[in-house]
Amino acid sequence: MATGRTHRPATRSRGIPEATVARLPLYLRALTALSERSVPTVSSEELAAAAGVNSAKLRKDFSYLGSYGTRGVGYDVEYLVYQISRELGLTQDWPVVIVGIGNLGAALANYGGFASRGFRVAALIDADPALTGRAVAGIPVQHTDDLEKIIQDNGVSIGVIATPAGAAQQVCDRLVAAGVTSILNFAPTVLSVPDGVDVRKVDLSIELQILAFHEQRKAGEEAASPDGGGPAAVARKESADQGPDGDVPAVMPA
C-alpha cells in the first residue's frame, strides 16, 4: 500500500477550488451513510440536503471531479464514495503522529474513525517521561526526544499537535524540520510555518464563542419583541418565516 510520504493528493494540481475541497468530506460522510444503508443512487437534491449545501453548489463541485450523474437517476453512491475518497487521498495509507498525549491527545488516539478513513496512527509522542511506554489505545507512548526518528521510520507527513499552547510552536518546528508537511493543530495558538506546509486549526474555544454570540443575539431578539418572546411571538415569527405555500425557507446566519 502506498504511503503519504511519496504520494500526494492531486486536488490542487487539477485546479479544484479550496472551497470545494472543504466540502468534499461533507459529501463523503453523507454518501458513506447512504452506502451503509445499501442505497444505490441519490439525487443531487437529496445529497445536497444531507450534506447541508444547495444542489447547484453540489453539482458545480462534482463537475470539478468530472462526475455529472445521470438525468432521472442521479449519482451512483458507491462510485462517488470511491471517486471522492480517491480525490482526497483516502485510498492511500496516511501514517499520522499525535504529539501531546494529555486528555485531548488520548481521546484522539482512541478515536475509531481514523482507520476507516485512510489514516493510521503510527505513533503517540509526549514530553512526559512518566508516560513513556504506557499504552494508549493499544499504542505505546514514545518520548519527544525520539520525534525525528519516529517521523523518519514511519514515513509520516501528517502531524497532530495536542500540546499546551506554550509547547506547540517548538513541536511544530521539529515536525516540519523532520519532514512533516501537514499539521492539524489543536493547541490554542497560531502556528508559524514555512511555505509548503499546510496547517488546519481546531480551536474549540473559538467555536464555543461563536455559539455564545448567536445565543446572545437570539436572547436580545426575544427581549426586544413586544411580548418578550412568548408563545404568541413565536407563533408570529413562524408565520412570518413561512412562504406563501407554508414552506420555511433556509436562512443562513448573518
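Is Tyr-27 buried or exposed? I looked this up before anything else. Tyr-27 has a relative accessibility of 0%, so I enter it as buried. I note here that the model is a predicted one.

**Entry: the chain as a whole**

I listed the secondary structure and found 10 helices and 9 strands in the chain. The chain has 254 residues, and 37% of them count as buried. I also looked at contacts with a separation of 6 or more: residues 24 or more positions apart account for 57% of these in the chain.

**Entry: aromatic rings**

I searched the whole structure for aromatic pairs and got 4. One of them joins Tyr-27 and Phe-62, whose ring centres are 5.0 Å apart. The ring planes of Tyr-27 and Phe-62 stand at 75 degrees, so I wrote the pair down as edge-to-face; the cut-off for that term is over 60 degrees. I then checked where the two residues sit. Tyr-27 belongs to helix H1, residues 18-36, and Phe-62 to helix H3, residues 55-64. They are 35 residues apart, and the pair links distant parts of the chain.

I looked up Phe-62 next. Its relative accessible area is 0%, and Phe-62 is buried. Which ring pairs with Phe-62 at 85 degrees? I found Tyr-75, with its ring centre 5.1 Å from that of Phe-62. Given the angle of 85 degrees between their planes, the pair of Phe-62 and Tyr-75 is therefore edge-to-face. This pair also links distant parts of the chain, from Phe-62 in helix H3 to Tyr-75 in strand E2, residues 75-76, with their positions 13 residues apart. Tyr-75 has 5% relative accessibility and so counts as buried; the limit for buried is under 20%.

I drew the ring pairs together: they link Tyr-27, Phe-62 and Tyr-75 into a cluster.

**Entry: helices H7 and H8**

How do helix H7 and helix H8 pack? I noted an angle of about 40 degrees, with the axes 9 Å apart. H7 covers residues 147-154, and H8 covers residues 165-178. The angle makes H7 oblique to H8, because an angle has to be under 35 degrees to count as roughly parallel. The crossing of H7 past H8 is right-handed.

I then listed the residues in contact. H7 supplies Leu-147, Glu-148, Ile-151 and Gln-152. From H8 come Arg-174, Leu-175 and Ala-178. Sorted by class, the contact of H7 with H8 holds 4 nonpolar, 1 polar and 2 charged residues.

How values were computed. Residues numbered from 1 in each chain as written. Predicted model: local features only at pLDDT ≥ 70, side-chain atom pairs only at ≥ 80, totals over all residues. Heavy atoms only, no water. Phe/Tyr/Trp six-rings, centres within 6.5 Å; stacked < 30°, edge-to-face > 60°. Helix = DSSP H or I, 4+ residues; strand = E, 2+ residues; numbered from the N terminus. Buried < 20%, exposed > 50% of the residue type's maximum accessible area, 1.4 Å probe, protein only. Axes fitted to C-alpha atoms, helices over the stretch in contact; angles between N-to-C directions. Parallel < 35°, antiparallel > 145°, perpendicular 65-115°, else oblique. Left-handed = near helix turned anticlockwise from the far one by under 90°. Contact = heavy atoms within 4.5 Å. Nonpolar A, V, L, I, M, F, W, Y, C, P; charged D, E, K, R; others polar.
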